[in-house]
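Please read the points below alongside the coordinates. They cover the surface, the interior and a few residue pairs, in that order.

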Amino acid sequence: MLTFNGSFFMPSVFTLVGIPGLESVQCWIGIPFCAMYVIAVIGNSLILVIIKKENSLHIPMYIFLAMLAATDMALSTCILPKMLGIFWFHWPEISFDACLLQMWLIHSFQATESGILLAMALDRYVAICNPLRHATVFSQKLLTHLGVGVTMRAAILVLPTLLLIKCRLKRYQTTVISHSYCEHMAIVKLAAEDIRVNKIYGLFVAFAILGFDIIFITMSYVRIFITVFQLPQKEARVKAFNTCVAHICVFLPFYLLAFFSFFTHRFGSHIPPYVHILLSNLYLLVPPFLNPIVYGVKTKEIRRHVWKMFVSSPNS
């Protein structure tokens with residue numbers, strides 16, 4: 001690694017601080033984070049096993065849930081092992097290329113999760129507003145296209161953020177990242193060069209993915225609520241609404257934490273750094289931890305199969 005006029009030219013290694021201002025208690029913060037990760041892996045693995053094993057669950061709603069569970073496990077695995085290495089074993093160093101790879105994977109899985117949440121909202125919209133066409137619209141072919149599409153959209157749109165850092169930013173003011181994982185703006189802000197292109201493209205990706213998805217999710221639920229409240233029977237209204245409760249409980253925390261983290265990183269200079277870093281960590285760790293719990297509690301079929309797996313005898 002070369003130094004030039006006090007800056008670092010093409011550094012080979014970055015140093016992750018963890019949570020700035022809370023370094024002395026990071027070892028204790030790692031305990032609940034590790035517990036959340038273990039629960040996320042176990043819970044999402046159970047969902048995948050149950051959906052794969054039970055043919056009755058091979059329908060769009062549960063196929064999307066399986067996609068969400070797989071994405072959640074991948075997302076939390078991208079961040080937590082390295083984070084715990086910082087908190088517990090004082091391993092803050094990460095190579096430049098590994099840092100960029102982690103950044104790309106994290107933001108790609110975030111974008112993929114957003115796309116899956118949009119697909120789940122559209123599934124609920126068609127199931128409630130046009131139930132007779134649901135089986136025709138959400139065919140196996142469409143499900144495959146949606147799964148590939150949201151994954152490719154995420155990977156392709158996020159990839160230029162990596163290339164813009166790799167190809168444009170050669171000199172850095174410091175190699176110390178005040179974060180617990182490699183986040184796009186946390187890396188870009190280290191540069192001793194013009195970063196306007198990087199910031200503009202980062203804003204474009206955020207609004208092109210998260211902004212687009214939340215707009216269409218909101219539009220879907222406006223139509224769903226209009227249709228539900230027009231149903232003549234109270235029991236039918238309650239039943240229809242209950243099919244959406246789990247999805248609402250999943251996407252609201254995801255987008256609230258996403259937008260709060262996004263805007264505080266760019267415009268919240270008055271917010272203490274440790275608050276922002278903690279919220280960024282929770283944004284990545286809470287959805288994978290919360291989603292299997294929500295669907296396990298709110299979805300009768302998942303709850304029944306979990307109970308059957310652990311309680312019922314083989315001959316029952």
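**Notes on the predicted model**

1. Val 25 sits in the loop that runs between β3 (13-16) and α1. The model is a predicted one, and that applies to every point below. With a relative accessible area of 34%, Val 25 is partly exposed. This value is over the 30% that a residue needs to be counted in a surface patch.

2. Val 25 belongs to a nonpolar surface patch, together with Trp 28, Ile 31, Trp 88, Phe 89 and Trp 91. The accessible area of these residues together is about 670 Å². Two or more residues of the patch come from each of α1 (26-53) and α2 (60-89).

3. His 90 is placed in the loop between α2 and β4 (93-95). Its backbone deserves a look: phi is positive, about 55°, although His 90 is not a glycine. Most residues other than glycine have a negative phi. His 90 has a relative accessibility of 65% and counts as exposed, because the cut-off for that class is over 50%.

4. How many cavities of 30 Å³ or more does a search of the whole structure find? The search gives three. The largest holds about 390 Å³ of space. It is lined by 23 residues, and those closest to its centre are His 107, Gln 110, Ala 206, Leu 210 and Phe 262. Two or more lining residues come from each of the helices α3 (96-129), α5 (140-168), α7 (196-229), α8 (234-267) and α9 (273-298). By residue type, the lining of the largest cavity has eleven nonpolar, ten polar and two charged members.

5. The second largest cavity has a volume of about 60 Å³. Its lining consists of Met 61, Met 120, Asp 123, Arg 124, Thr 243, Ala 246, His 247 and Tyr 295. Helices α3 and α8 each contribute at least two of these residues. Four of the lining residues are nonpolar, two are polar and two are charged.

6. Four salt bridges are found in a search of the whole structure. Side chains of opposite charge can pair when their charged atoms come close. One of the four joins Lys 166 to Asp 97, with the closest N and O atoms 2.7 Å apart. This pair connects distant parts of the chain, as Lys 166 is in helix α5 and Asp 97 in helix α3, 69 residues apart. Both partners are partly exposed: Lys 166 has a relative accessible area of 35%, and Asp 97 has one of 46%.

7. Another salt bridge is formed by Arg 153 and Asp 213, whose closest N and O atoms are 2.8 Å apart. Here too, distant parts of the chain are linked: Arg 153 lies in helix α5 and Asp 213 in helix α7, with their positions 60 residues apart in the numbering. Is Asp 213 buried or exposed? Its relative accessibility is 0%, so Asp 213 counts as buried.

8. Arg 196 and Asp 194 also form a salt bridge, and their closest N and O atoms are 2.9 Å apart. Arg 196 is exposed, at 59% relative accessibility. Asp 194 is partly exposed, with a relative accessible area of 39%.

9. Two further pairs give an idea of distances across the model. Tyr 274, in helix α9, is 217 residues from Leu 57 in sequence, and their C-alpha atoms are 42 Å apart in space. Tyr 274 has a relative accessibility of 35% and is therefore classed as partly exposed.

10. The other pair is Thr 151 and Phe 229, which are 78 residues apart in sequence and 35 Å apart in space, C-alpha to C-alpha. Thr 151 is part of helix α5. This residue is partly exposed, and its relative accessible area is 39%.

How values were computed:
Residues numbered from 1 in each chain as written. Predicted model: local features only at pLDDT ≥ 70, side-chain atom pairs only at ≥ 80, totals over all residues. Heavy atoms only, no water. Patch = residues over 30% accessible without salt bridge, like charges linked within 9 Å, V, L, I, M, F, W, Y side chains within 5 Å. Areas by Shrake-Rupley, 256 points an atom, 1.4 Å probe, with all protein chains shown as cover. Salt bridge = Lys/Arg side-chain N within 4 Å of Asp/Glu carboxyl O. Helix = DSSP H or I, 4+ residues; strand = E, 2+ residues; numbered from the N terminus. Buried < 20%, exposed > 50% of the residue type's maximum accessible area, 1.4 Å probe, protein only. 1 Å grid on protein atoms, 1.4 Å probe; cavity = no way out; pocket = protein on both sides within 12 Å on 5 of 7 lines; lining within 4 Å. Points joined across faces, edges and corners; volume = space filled by probe spheres on them. Nonpolar A, V, L, I, M, F, W, Y, C, P; charged D, E, K, R; others polar.
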